[in-house]
Amino acid sequence: MSKQICNPLTKYHHGKFPKQKQAAPALQCEMDPIPDCGEKTYQGHGRLEGRKMLVTGGDSGIGRAAAIAYAKEGADVAINYLPYEQKDAEDVAKVIEAVGRKAVLIPGDLSDEAFCKKLVEQAHQKLGGLDNLTLVAGKQTAVEDIMELTTEQIKKTFEINVFSLFWVTKAALGYLKPGSTIITTSSVQAYQPSGNLLDYAATKTAIIAFTRGLANQLSSKGIRVNCVAPGPVWTPLQICGGQPSEVIPEFGKQTPLQRAGQPVELAGVYVHLASEESSYTTAETYGVTGGMHIN
Ligand code: NAD
Ligand code: MG
C-alpha cells in the first residue's frame, strides 16, 4: 500500500461481495475476495522487537492480521486455530518466517480446558517465553428466533468466546512478567446487539466485563489488559453462518464508512495495545467499527 493519503471510503473493497457460504470454520484461502491481513500491506517499525506473543484465531481474519503485524514489528508468534484450518495457518507461518521471525503452530480446540493449558505450555516452551496473550478466536452463528437457538450452541459460543479466556489466562499468568499485555476481542455487538446474534452478543458484552475486571486485578502486577471491539470486518467468520448468506453482498454497507473493514485495518490497534506506546492504557476498549458507536 502506498503511503499516499487515501479516502477511507474507497481504500479497500467497497463494492458488493459475491454471495458465498462455507461450513464453519471457513477457510480464508477459499474466500472471494481474500481478506487483506497485511501480508503485503502492513509495514512494521520494530515496535515489538524480541517479544513473544500467543494469538488465538491466528490463522485467519483479525487474528491473522495481528499475528502478521506482530511479526513485522519484530516479535515471535505462536498461533492457535482448529485442525481444519491447517492450510490457512501454514500460510501465516510462511509470512512470519519470511520476515525472519519464529512461527509456532499449535492447533486445538479452545472449548477444552485441558487443551487451553497445553496451548500455553507449548507456546511458552517453543517461544522460549511469553509476553502477550492476544485472544481473538471466536464463534458466531446467526439464529433468527430464540426458540431455534439450541442449548448446545449457546454453551459452545460461551465456551469458545468467554470460558477459554479464563482458561488461557489462568494457564499463562505464571509466565507473564510486569510489562506483559493481554488483549481480548469483543465486538460492536456488545453495544448494538443484533436480534439474530443473541448468544454471540452476550459473550461479547461478557468479554468487556472480563477485560475491565482482569485489568483491575492485574494492574498491581504491571500487566495491562485491553480490548478491541471490531465492527463488520471481511473474514471467514461471516461467510460460515456468522451472517445469513443473503446479507453477505451488502456486508458492512450500513456503517458510516459504507464498507466492511479489512483485518489489516485492525492490526495497528493490536500492535499499539501490545507495545510500550500504550503503557498508560489498561481496562480500555478500542473500537474499530467504520464509525459505529461503542458506548
Ligand atoms: P475468523 O473466522 O478469521 O476467526 C475466528 C477464529 O476463531 C477461527 O479462525 C478459528 O481459528 C477460531 N476458533 C473458532 N472456534 C474455535 C475453537 N473451538 N478452538 C480454537 N479456535 C477456534 O474471523 P474473525 O472475524 O477474524 O474473528 C476474530 C474475532 O473477531 C472473533 O472473536 C470475532 O467475534 C471478532 N469480531 C469479528 C467481527 C467481524 O465482522 N469479522 C466483528 C466483531 C468482532
Ligand atoms: Mg480461521
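Here is a walk through this structure, from its metal ion to the molecule beside it and then to a pair of strands. Keep in mind that you're looking at a predicted model.

Let's start with the magnesium ion, which is ligand 2. Which residues coordinate the magnesium ion? Asp-59 does so through OD, Ser-60 through OG and Glu-85 through OE, at 2.1 to 2.2 Å. Read along the sequence, these donors follow the spacing D-S-x24-E. Ser-60 and Glu-85 sit 25 residues apart, so to speak in two distant parts of the chain that this pair links. Ser-60 belongs to the loop between strand 1 (52-56) and helix 1 (61-72), while Glu-85 belongs to the loop between strand 2 (76-81) and helix 2 (86-98).

Are these two donors buried or exposed? The cut-off for buried is under 20% relative accessible area. Ser-60 has 11% relative accessibility, so it counts as buried. Glu-85 comes out at 8%, so this residue is buried as well.

Now turn to ligand 1. How many residues surround ligand 1? There are 30 of them, and Ser-60, Ile-62, Glu-85, Tyr-200 and Thr-235 are the closest. You've already met Ser-60 and Glu-85 as donors to the magnesium ion. Sorted by class, the shell is made up of 14 nonpolar, twelve polar and four charged residues. Helix 1, strand 2 and helix 5 (198-218) each contribute at least two residues to it.

Some polar atoms are worth picking out here. The side chain of Asp-109 has an N or O atom 2.8 Å from a nitrogen atom of ligand 1. A polar backbone atom of Leu-110 is 2.9 Å from a nitrogen atom of the ligand. With Gly-231, a backbone N or O atom lies 3.3 Å from an oxygen atom of ligand 1. And how much of ligand 1 does the protein bury? On its own, ligand 1 would expose 810 Å², and the protein buries 95% of that.

Finally, go back to strand 1, which comes before the loop holding Ser-60. Five of its five residues are buried, so to speak a strand that is mostly covered. In a regular strand, side chains alternate between the two faces of the sheet. Here, Lys-52, Leu-54 and Thr-56 point one way from strand 1, and Met-53 and Val-55 point the other way. Strand 1 has strand 2 as a parallel partner, with five bridges between them. If you'd like a spot to look at, find Met-53, which stands opposite Val-77 in strand 2.

How values were computed:
Residues are numbered from 1 along each chain as its sequence is written. Chains are lettered from A and ligands numbered from 1 in the order in which they are written. This is a predicted model: local features need pLDDT of at least 70, side-chain atom pairs count only at pLDDT 80 or more; totals for chains, interfaces and linings use all residues. Side-chain values use heavy atoms; hydrogens and water are left out. Donors are N, O and S atoms within 2.8 Å of the metal (3.2 Å for Na, K and Ca); water is not among the atoms, so sites may look incomplete. Helices (H or I, at least four residues) and strands (E, at least two) are DSSP runs, numbered from the N terminus. Buried means under 20% relative accessible area, exposed over 50%, partly exposed in between (1.4 Å probe, protein chains only). A residue is near a molecule or strand if one of its heavy atoms lies within 4 Å of it. A polar contact is a pair of N or O atoms within 3.5 Å; within protein, one must be able to donate a hydrogen and the other to accept it, and residues adjacent in sequence count only if both atoms are side-chain atoms. Accessible areas come from the Shrake-Rupley method with a 1.4 Å probe; for residues, only the protein chains shown count as cover. Ala, Val, Leu, Ile, Met, Phe, Trp, Tyr, Cys and Pro count as nonpolar, Asp, Glu, Lys and Arg as charged, and the others, Gly among them, as polar. Two strands pair if DSSP finds at least two bridges between them.
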